[in-house]
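Trainee: Before I reuse any of these labels in my own notes, could we go through how each one is earned?

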Amino acid sequence: MSLASIKSATKLLRLQPAVVSRSLSTSTVAQHNMELEEKYGAHNYHPLPVVLAKGEGTRVWDMDGKVYFDFLSAYSAVNQGHCHPKIISALTEQVKTL
């Protein structure tokens, strides 16, 4: 996959790399996960060529540690950011009661 196609895909879907100069290689585990997505996924939308491992606030990390800014918040249920402390606290308190 070329740098141009990755930039095009990320720009199109509004997930912009925070650090462009890092290696564009995909780990074997990430590649396997993308193949599973292709095989079993719903195919509602074209997936990004990245497997996310964690998120915090406006940033997400892929399985290789590359950092991205997540600009998809208006699209989904994460408009408050990933792992918002107040939501984590409310969730933790709720699961203690059930």
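Mentor: What follows sets some values from this predicted model against the cut-offs behind the labels.

Trainee: Why is cysteine 83 called exposed?

Mentor: Exposed requires over 50% relative accessible area, and because cysteine 83 has 51% relative accessibility, it counts as exposed. Cysteine 83 is placed in the loop between β4 (67-70) and α3 (85-97), and it has a positive phi of about 55° although it is not a glycine.

Trainee: And what makes valine 95 exposed?

Mentor: The same cut-off of over 50% applies; valine 95, a residue of helix α3, has a relative accessible area of 52%, and is therefore exposed. Valine 95 also belongs, with Ile88 and Leu91, to a nonpolar surface patch whose accessible area is about 260 Å² together.

Trainee: How do you know that β3 and β4 are paired, and in which sense?

Mentor: Pairing asks for at least two bridges between the strands, and strand β3 (residues 59-62) has 3 bridges with β4, in the antiparallel sense, so the condition is met. One of the bridge partners is phenylalanine 69 in β4, which faces arginine 59 in that role. The two strands form a hairpin with 4 residues between them, and in its turn glycine 65 has a positive phi of about 90°.

Trainee: What makes lysine 54 a charge over the ring of tryptophan 61?

Mentor: The distance limit is within 6 Å of the ring centre, with a further condition of within 35 degrees of the ring normal; lysine 54 is at 4.5 Å from the ring centre of tryptophan 61 and lies over its face.

Note on methods:
Residues numbered from 1 in each chain as written. Predicted model: local features only at pLDDT ≥ 70, side-chain atom pairs only at ≥ 80, totals over all residues. Heavy atoms only, no water. Buried < 20%, exposed > 50% of the residue type's maximum accessible area, 1.4 Å probe, protein only. Patch = residues over 30% accessible without salt bridge, like charges linked within 9 Å, V, L, I, M, F, W, Y side chains within 5 Å. Areas by Shrake-Rupley, 256 points an atom, 1.4 Å probe, with all protein chains shown as cover. Salt bridge = Lys/Arg side-chain N within 4 Å of Asp/Glu carboxyl O.
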